[in-house]
Each structure stands twice: as structure tokens, then as C-alpha cells.
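Visitor: I'm new to this structure and would like a close look at one part of it, the sheet and what sits around it. Could you walk me through it slowly?

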Amino acid sequence: MRIDILTLFPNMFSGPFDESIVKRAIDNNIVSIVLHNLRDWGLGKHKMVDDYPFGGGSGMVMKTEPIFEAVEAIKAQGGDSSAPVILLTPQGRVFNQKIAAELANFGRLIFICGHYEGVDERIREHMATDEISIGDYVLTGGELAAMVVIDAVVRQLPGVLGSEESASDESHTTGLLEYPQYTRPQTYRNWEVPQVLISGNHAQIAKWRREQSILRTFVRRPDLLEKANLSAEERKLVANRAVTRFD
Ligand code: 6GU
């Protein structure tokens with residue numbers, strides 16, 4: 001996969017992509033991430049990228065021309081020119097695991113990081129093919145949101161996670177929150193690891209984990225449970241249990 005990022009602050013991206021799993025994916029040529037400084041397409045000797053809003057009001061608006069010309073130049077650099085052009089904006093569809101999986105199917109993604117009071121509406125109408133928000137709060141710009149989206153997408157690409165980091169059980173992949181995990185020591189300050197996990201009975205362990213996932217999701221995220229695939233027996237488990245604690 002090739003990921004192009006159009007931003008006024010390319011330096012913000014050093015760090016998150018230089019460590020850990022994303023770095024390994026880049027080093028293994030599973031993904032390449034190309035940063036483009038929008039300022040390079042700024043207008044005039046001041047390299048202007050924003051301007052006052054027509055109709056008045058506070059704040060500045062990102063101009064149309066630099067973004068159009070930048071995205072056209074980026075597409076012309078090669079790769080798939082039909083790649084999605086994703087505008088990061090608090091007005092976008094709210095990002096989740098399903099959208100991450102959907103984006104992981106493309107060979108190329110182009111991200112535009114919005115700033116100031118927003119972008120000229122013509123960018124939405126005629127350039128962006130998708131708009132994504134990472135939640136209902138306001139960030140100073142789309143950069144952090146782009147990092148979040150890219151991190152979630154890259155770890156879905158085939159070959160990025162080793163078998164030890166496998167994503168199949170984790171929260172949101174199953175539609176349920178993950179079950180409680182423990183590692184050594186078996187006792188710490190009198191707090192014991194649940195007996196079933198050291199029983200060696202794999203069927204019992206699987207059953208316990210599934211129940212814990214369901215009960216935990218019931219307590220913390222009942223909204224997720226409505227969409228989860230539960231058997232009739234599992235639905236009954238939830239209905240019969242007034243849960244006040246997780247273990
Ligand atoms: Cl994508 N951008 C900004 N500026 N704020 C946000 C966001 C994006 N998603 C949530 N808040």
C-alpha cells in the first residue's frame with residue numbers, strides 16, 4: 001500500500017511512523033508513507049494556503065487551488081490515480097474498525113489534513129471522495145486524526161502483525177470487547193489470576209473468555225452488544241446476570 005499525506009505540518013508525523021509496528025511495516029515494504037507539504041503549493045510569494053471566509057465571520061478557510069493542485073500532482077507521481085482522497089474533518093463519518101478494514105483493501109490512500117475553520121467547500125464537493133472524523137471532539141487539525149486512521153489501517157495489512165500479535169480476538173474485531181488478560185506472576189499482592197486460566201482445560205478457558213467478553217461488553221458498551229452475534233444461550237446469560245463486577 002502507498003499512503004500519501006498532504007499536510008501543513010509534515011514534521012508532526014515523525015515519531016508515530018518511526019517506531020514499532022508501523023515502522024516494521026515500512027521497513028518490510030508492506031506500506032510506504034509519503035509526506036507532502038501543502039505549503040509547496042501555496043499561492044504567491046507568501047505561499048498562501050488559507051484566506052478569509054466569504055460572507056465574513058471568524059477564522060480562516062483553506063484555499064481551493066493549493067489543495068487541488070497538490071492532489072493532482074500527487075496522483076501524477078504514479079501509483080493508482082483512482083485512490084480514495086480522504087479529507088480528515090470533524091464533519092466526516094466517524095472512524096471505526098469496519099472503516100479501517102474497508103480502507104485496508106485499497107492499494108493506495110491519499111489523506112488531506114484540514115486546518116483552521118475548515119476547507120473551501122469545493123474541496124469536499126469536487127476533490128475528496130471520503131470524509132473521516134475520529135470522534136466527537138475538536139482537534140487543532142487533521143494530522144493526529146490521520147495518524148490514528150493510518151495506524152489502524154496499516155496493522156490490518158497482510159503480513160504486518162505476527163501470529164503473536166494476531167488481531168482476530170481483540171476488542172472490536174469480534175464486535176465484543178476483549179476478555180481480561182493475565183500474565184505472570186500468578187499471585188501479586190494477594191491478587192490471584194482466575195483459576196480457570198491455569199486449569200489447562202482449553203474448552204473451559206475458551207468458554208470463560210467468551211463469557212467475560214460478553215459480560216464486559218454488556219457493562220461497558222451495551223451499544224456494541226446490540227450488534228454482536230450472540231447465540232440464544234448467550235443472550236440469556238446477559239439477561240439473567242445483573243453484573244456489578246467483571247471477574
Ligand atoms: Cl479528522 N479533524 C479535526 N480537526 N478534529 C477532529 C477530527 C478531525 N476528528 C475528530 N476531531
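Before we zoom in, how many helices and strands does the protein chain have?

Guide: Happy to. Keep in mind that this is a predicted model. The protein chain has 8 helices and 9 strands. Let's go straight to the part you asked about.

Five of those strands form an open sheet: there are 5 strands in the order E2-E1-E6-E5-E7, and the pairing is parallel. At the edges you'll find strand E2, residues 32-37, and strand E7, residues 130-133, each of which pairs on one side only. As you step from one strand to the next, the twist averages 35 degrees.

Now put your finger on strand E5, residues 85-94. On one side, E5 runs parallel to E6, and 4 bridges join the two. One spot to look for there is Ile 86, whose bridge partner in E6 is Phe 111. E5 also runs parallel to E7, this time with 5 bridges between them. Leu 88 has Ile 132 of E7 as its bridge partner. Ile 132 turns up again a little further along, since Arg 93 stands opposite this residue of E7. As a general point, side chains in a regular strand alternate between the two faces of the sheet.

Stay with E7 for a moment, because Ser 133 belongs to this strand and is worth a pause. Is Ser 133 buried or exposed? Its relative accessible area is 4%, and the cut-off for buried is under 20%, so Ser 133 counts as buried. Look at what surrounds this residue: apart from neighbours within four places in sequence, Ser 133 is in contact with Thr 89, Pro 90, Gly 92, Arg 93, Val 94 and Phe 95. There's a polar detail too, with a polar atom of the Ser 133 side chain lying 3.1 Å from the backbone nitrogen of Gly 135.

Next, find the helix that goes with the sheet. Helix H5, residues 143-154, lies across E1, E2, E5, E6 and E7. Helix H5 runs at about 160 degrees to E6.

Follow the chain on from E6 and you come to the loop between E6 and helix H4, where Val 119 lies. Val 119 has a relative accessible area of 11%, again under 20%, so this residue is buried as well. Setting aside neighbours within four places in sequence, Val 119 is in contact with Val 61, Met 62, Leu 87, Gly 114 and Arg 124.

For contrast, hop over to Gln 204 in helix H6, residues 202-220. Gln 204 has a relative accessible area of 40%, which makes this residue partly exposed, as that class lies between 20% and 50%. Its C-alpha atom is separated by 50 Å from that of Pro 10, 194 residues apart along the chain. Another pair to try is Val 119 and Gln 186: these are 67 residues apart along the chain, and their C-alpha atoms are separated by 55 Å.

Finally, zoom out. The C-alpha trace of the protein chain spans about 70 × 40 × 35 Å along its principal axes. The radius of gyration is 23 Å, whereas a compact globule of 247 residues would have one near 18 Å. Of the 247 residues, 40% count as buried. Among contacts between residues at least 6 apart in sequence, 73% join residues at least 24 apart.

Note on methods. Residues numbered from 1 in each chain as written. Predicted model: local features only at pLDDT ≥ 70, side-chain atom pairs only at ≥ 80, totals over all residues. Heavy atoms only, no water. Pairing = 2+ DSSP bridges. Axes fitted to C-alpha atoms, helices over the stretch in contact; angles between N-to-C directions. Contact = heavy atoms within 4.5 Å. Rg over C-alpha atoms; globule rule 2.2 N^0.38 Å. Buried < 20%, exposed > 50% of the residue type's maximum accessible area, 1.4 Å probe, protein only. Polar contact = N/O pair within 3.5 Å; in protein donor to acceptor, adjacent residues only side chain to side chain.
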